[in-house]
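Colleague: I should be grateful for a close look at a single part of this model, the packing of one pair of helices. Please set that part in the context of the chain.

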Amino acid sequence: MASLFHMKPSLLYALLILLLYSCGGGNSTPATTPAAKTDTKAGEELFNANCYQCHRAGSELLGPNLAGVRDRWADRNELYAFIRNPQEVIARNKYARDLQQKYNGTIMLPYPNLSQEQVNAILDYCDQAGNKN
């Protein structure tokens with residue numbers, strides 16, 4: 001990773017811009033909003049539209065593996081708050097700060113418009129998909 005810092009600044013900026021666009025480009029509005037469906041198909045659609053750029057269910061990518069993520073947070077409400085406003089939770093929660101540090105200071109995009117049902121659908125899908133791997 002040290003060689004990344006020796007790159008030409010223009011290449012480093014280009015990589016940063018590519019990373020931002022690939023992780024949703026700052027659009028925190030859910031791309032798909034099925035009407036309160038909590039089945040795994042709705043979860044898969046929401047996951048693919050909002051999370052797939054940086055996460056996988058069953059393995060790590062730019063962010064952590066999301067299969068079983070609810071079990072890794074001591075307080076489930078903090079997980080839901082993190083999804084909606086990561087920076088706010090990082091400021092007060094050691095586990096969130098540790099995640100940020102583990103993933104090279106990357107901060108997840110906020111998704112304040114995802115409903116509780118949509119978040120649950122995404123996480124249910126991740127748990128099911130992760131069990132297949």
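Modeller: The account below begins with the chain, turns to the helix pair and ends with the cysteines. The model is a predicted one. Its chain contains seven helices and zero strands, so that the order of elements from the N terminus reads α-α-α-α-α-α-α. Of the 133 residues in the chain, 33% are buried. Among contacts with a separation of 6 or more, 56% join residues 24 or more positions apart.

The pair chosen here is helix 4, which spans residues 76–84, and helix 7, which spans residues 116–132. Two packed helices are described by the angle between their axes and by the distance between those axes. For helix 4 and helix 7 the angle is about 100° and the axes lie 11 Å apart. Helix 4 is therefore roughly perpendicular to helix 7, since angles of 65 to 115 degrees fall in that class. On the side of helix 4, the contact involves Leu79, Tyr80, Ile83 and Arg84; helix 7 contributes Gln116, Val119, Asn120 and Leu123. By character, the residues of this contact comprise five nonpolar, two polar and one charged.

The cysteines merit a separate remark. Cys126 is buried, with a relative accessible area of 0%, and Cys51 also counts as buried, at 13% relative accessibility. The closest cysteine sulfur to that of Cys126 is in Cys51, at 6.4 Å, which is too far for a bond, because a disulfide requires sulfur atoms within 2.5 Å. A search of the whole structure accordingly finds zero disulfides.

Notes:
Residues numbered from 1 in each chain as written. Predicted model: local features only at pLDDT ≥ 70, side-chain atom pairs only at ≥ 80, totals over all residues. Heavy atoms only, no water. Axes fitted to C-alpha atoms, helices over the stretch in contact; angles between N-to-C directions. Helix = DSSP H or I, 4+ residues; strand = E, 2+ residues; numbered from the N terminus. Parallel < 35°, antiparallel > 145°, perpendicular 65-115°, else oblique. Contact = heavy atoms within 4.5 Å. Nonpolar A, V, L, I, M, F, W, Y, C, P; charged D, E, K, R; others polar. Buried < 20%, exposed > 50% of the residue type's maximum accessible area, 1.4 Å probe, protein only.
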